[in-house]
Amino acid sequence: MNQASPAAPPVLKPEATIGILGGGQLGRMLALAAARLGFKCHVFAPHPDAPAFDVVRRVSRADYTDTGALARFAENVDVVTYEFENVPAETAAFLAARVPVLPDPKILAITQDRLAEKNFVAALGIRTAPFAEVSSPAELAVAIERVGRPAILKTRRFGYDGKGQAAIKNGSDPVSAWREVGGQPCILEAFVPFEREVSVIAARGSDGAVACFDVTENEHRDHILKFSRVPAALGAQAAAEAVRIAETIAHKFAYVGVLAVELFVLGDGGLTVNEIAPRVHNSGHWTIDGASVSQFEQHIRAIAGWPLAKPLRHGRVEMTNLIGQEVEDYRRWLVLPGAAVHLYGKTSVRPGRKMGHVTQVFPE
Ligand code: AMP
């Protein structure tokens, strides 16, 4: 992969159909943004009650390995995009042979694997936590020597919201951490004593233009995003550096679409990259109500070959996730002056499940 764009993606007409792999709330909000610009959407997802199904013209309810359904889907859409990073490589390759898939599925091979992702970021000269590959308990012992304690053992694949992670503290037994993550290929990461967590949502168009939203500060509860606040409490220099890091990553991937870069801010204002999400991101939900263009619209513009907008923020913004049973309180939010309520239409409430969010915009 290099800085040159791959085969020029198509420039869509407003009546074109955008295919979305994945039917969660991100797919739903992508489809709503696409509809505003005149596009039709076709969502492909295996779950019968996928939240995105409720808001689109066509749906394919099938498994990601169902090549018959994938072939029909490809015939019916002008471009395919995805709302989650764990799209199976074979699914992406099957579709890419038939229809443009954006962002380029080659990027998934890097971002699906924490080791490949960390190596990619480090090769760009961007700081990450010290890390080491771990494929066995013996390698874990060597990795602890190198990385030190405290550290976090993370599975290389399929981790999210803190799942597939185990802490290795001073005095704790590494073998039990290895068992806790299921004895899978992992990386060991030094624990970063960060002051705050921030993210940059960057859009890159097919013409190579990049537009970033203002740096967002994120607060997690039980490893799940609870609040995003913009602007982040960050010096101008650190904020500019965070944006520069996201731009560098987007260009290196020759990315087309929206990506999120999650960063830790250290006590001295230094930044380290935690992870990259090759998709729209929960920490960018504030952009729907808090900016002149949303992350979802920027993504649709990019994959349609349309120019990106320059995002202008409407004020100081706070986004609150409604997680699990918190959604039952939606009536309180409905009557709160200035609050914009988003409910994802999920039929069953489960602990830790993202059910909706609320955005509040305040004068700056
Ligand atoms: P991740 O799934 O890698 O984004 O990790 C989930 C959360 O765990 C992050 O948002 C941090 O709050 C915390 N975390 C992950 N990696 C580290 C690290 N190396 N040092 C300190 N905290 C971490």
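**Exercise 1.** Which polar backbone atom is 2.8 Å from a nitrogen atom of the ligand? Work out the polar partners, keeping in mind that this is a predicted model.

*Solution.* Start with the backbone: the atom we want belongs to V192, at 2.8 Å from a ligand nitrogen. Next, look at A190, where a polar backbone atom sits 3.0 Å from a nitrogen atom of the ligand. Then turn to side chains: E189 brings a polar side-chain atom to 2.8 Å from a ligand nitrogen. Now for the cover: on its own the ligand would expose 480 Å², and the protein buries 93% of that.

**Exercise 2.** Describe the shell around the ligand and explain why the ligand lies between two domains.

*Solution.* Begin with the head count: 16 residues surround the ligand, and K154, Q165, E189, V192 and E197 are the closest. Sort them by class and you get six nonpolar, four polar and six charged residues. Finally, bring in the domains: domain 2 (130–190) and domain 3 (196–362) both contribute to this shell, so the ligand lies between them.

**Exercise 3.** Where does the second largest pocket lie, and which domains line it?

*Solution.* First get its volume, about 280 Å³. It has 17 lining residues, with M29, L32, A33, I288 and H342 closest to the centre. Now trace the elements: α1 (25–36), α9 (287–290), α10 (295–303) and β16 (339–343) each give at least two lining residues, and α1 has the largest share with five. By class, the lining holds ten nonpolar, four polar and three charged residues. Last step: domain 1 (17–101) and domain 3 (196–362) both supply lining residues, so the pocket lies between them.

Key. Residues numbered from 1 in each chain as written. Predicted model: local features only at pLDDT ≥ 70, side-chain atom pairs only at ≥ 80, totals over all residues. Heavy atoms only, no water. Near = heavy atom within 4 Å. Polar contact = N/O pair within 3.5 Å; in protein donor to acceptor, adjacent residues only side chain to side chain. Areas by Shrake-Rupley, 256 points an atom, 1.4 Å probe, with all protein chains shown as cover. Nonpolar A, V, L, I, M, F, W, Y, C, P; charged D, E, K, R; others polar. Domains from an automatic or database assignment. 1 Å grid on protein atoms, 1.4 Å probe; cavity = no way out; pocket = protein on both sides within 12 Å on 5 of 7 lines; lining within 4 Å. Points joined across faces, edges and corners; volume = space filled by probe spheres on them. Helix = DSSP H or I, 4+ residues; strand = E, 2+ residues; numbered from the N terminus.
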